[in-house]
Amino acid sequence: FEVAKDAARPFSVYSDKISTTALGTSFNVKAYPEDEVIQVYLASGKIEVKEYNNDERNKLILESGNGAGFHKKYQRLSLEDFNSENALAWKHGVIMFEKSDFKEVKLLLERWYGVNIEVNGTPEASWRINGAFKNESLENILNSIDFTTPINYSISKNKVVINF
């Protein structure tokens with residue numbers, strides 16, 4: 001979101017159990033139902049992040065470059081470090097992986113390409129991927145992964161099958 005400054009009309013985004021309120025700022029909210037943590041990244045300006053219940057004890061004021069995470073299991077908001085280049089790469093058509101395990105890679109590819117990924121077998125516990133892919137096809141990304149971690153895959157419309 002990029003929000004014009006207007007002190008009379010604050011801009012708020014509600015996601016699950018938290019609200020993010022901004023005046024003249026740009027920020028990103030990542031809140032998928034299946035994620036354990038709702039993440040808010042502040043690119044510029046200043047925002048307030050708090051729980052819906054307006055409990056003043058569980059709110060954060062973020063300055064440029066700060067991030068916040070709301071941990072659903074513990075119902076707790078915390079200040080978190082984030083790499084703005086990685087967190088906001090999607091705005092430029094870039095998929096970023098940084099020490100991502102297979103679960104993270106699978107989930108991001110499913111969301112980005114609108115596919116369902118079926119997995120046969122199990123990747124090694126130490127399986128990690130690093131890389132940036134700008135405007136790449138799903139097939140090119142899977143081919144790149146195959147160079148470092150051998151996989152067999154097939155793509156049929158919006159279904160992908162990966163075999164380890």
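# A tour from loop to sheet to pocket

Begin by selecting Asn135, which lies in the loop between E12 and helix H3 (138–148). The model on screen is a predicted one, and the tour should be read with that in mind. The phi angle of Asn135 is near 50 degrees, a positive value in a residue other than glycine. Most residues other than glycine have a negative phi. With a relative accessibility of 61%, Asn135 counts as exposed.

Next, move to Asp16, in the loop between strand E2 (11–15) and strand E3 (18–22). Here too the residue is not glycine and phi is positive, with a value near 55 degrees. How accessible is Asp16 in relative terms? The value is 43%, and Asp16 therefore counts as partly exposed.

**Following the strands out of the Asp16 loop**

From that loop, select E3 together with strand E6 (residues 46–51), which pair in the antiparallel sense over five bridges. To see the register, display Ile18, which stands opposite Glu51 in E6. Then add strand E7 (residues 59–63), which is joined to E6 by five bridges and runs antiparallel to E6. In this second pairing, Lys50 stands opposite Lys59 in E7.

**The open sheet**

Now select E1, E4, E5, E8 and E9, which in that order make up an open sheet of five strands with antiparallel pairing. Strand E1 (2–3) and strand E9 (76–80) stand at its edges, and each has a single partner strand, so one side of each is left without a neighbour in the sheet.

Walking across from the E1 edge, the pairing of E1 with E4 is antiparallel and rests on two bridges, with Val3 standing opposite Thr25 in E4. Pause on E4 itself, which is mostly covered, five of its six residues being buried. The step from E4 to E5 is again antiparallel, over five bridges, and the two strands form a hairpin with six residues between them. A useful pair to label here is Phe27, which stands opposite Leu42 in E5. In a regular strand the side chains alternate between the two faces of the sheet, a rule worth keeping in mind while stepping along the strands.

Continue to strand E8 (residues 67–71), which is joined to E5 by five bridges and runs antiparallel to E5. Within this pairing, Val40 has Ala68 in E8 as its bridge partner.

**The largest pocket**

Turn next to the largest pocket, which holds about 1,200 Å³ of space. Which residues should be displayed to find its centre? Of the 32 residues that line the pocket, the closest to its centre are Lys30, Gln39, Tyr41, Glu104 and Leu108. Two of the strands just visited return here, since the elements that give two or more residues to the lining are strand E4 (25–30), strand E5 (37–44), helix H1 (84–87), strand E10 (94–100) and H2. The largest share of the lining, seven residues, comes from H2. Colouring the lining by class gives 16 nonpolar, five polar and eleven charged residues.

While in this view, select Arg111 and Tyr32: Arg111 lies over the face of Tyr32, at 3.4 Å from the ring centre.

**The aromatic cluster at Phe102**

For the last stop, display the aromatic side chains, among which there are four aromatic pairs. In one of them, the ring centres of Phe102 and Trp127 are 5.2 Å apart and the planes meet at 85 degrees, so the pair is edge-to-face. Phe102 lies in helix H2 (residues 102–113), whereas Trp127 lies in the loop between strand E11 (116–120) and strand E12 (129–134), so the pair ties together parts that are 25 residues apart in sequence.

Keep Phe102 selected and add Phe164. The centres of these two rings are 5.1 Å apart with the planes at 85 degrees, so this pair is edge-to-face as well. Because Phe102 lies in helix H2 and Phe164 in the segment after strand E14 (159–163), the contact ties together parts that are 62 residues apart in sequence.

With the three residues shown together, the ring pairs can be seen to link Phe102, Trp127 and Phe164 into a cluster. Are its members buried or exposed? Phe102 and Trp127 are both buried, the relative accessible area of Phe102 being 12%, while Phe164 is partly exposed, with a relative accessible area of 31%.

Key
Residues numbered from 1 in each chain as written. Predicted model: local features only at pLDDT ≥ 70, side-chain atom pairs only at ≥ 80, totals over all residues. Heavy atoms only, no water. Phe/Tyr/Trp six-rings, centres within 6.5 Å; stacked < 30°, edge-to-face > 60°. Helix = DSSP H or I, 4+ residues; strand = E, 2+ residues; numbered from the N terminus. Buried < 20%, exposed > 50% of the residue type's maximum accessible area, 1.4 Å probe, protein only. Lys NZ or Arg CZ within 6 Å of the ring centre and 35° of its normal. 1 Å grid on protein atoms, 1.4 Å probe; cavity = no way out; pocket = protein on both sides within 12 Å on 5 of 7 lines; lining within 4 Å. Points joined across faces, edges and corners; volume = space filled by probe spheres on them. Nonpolar A, V, L, I, M, F, W, Y, C, P; charged D, E, K, R; others polar. Pairing = 2+ DSSP bridges.
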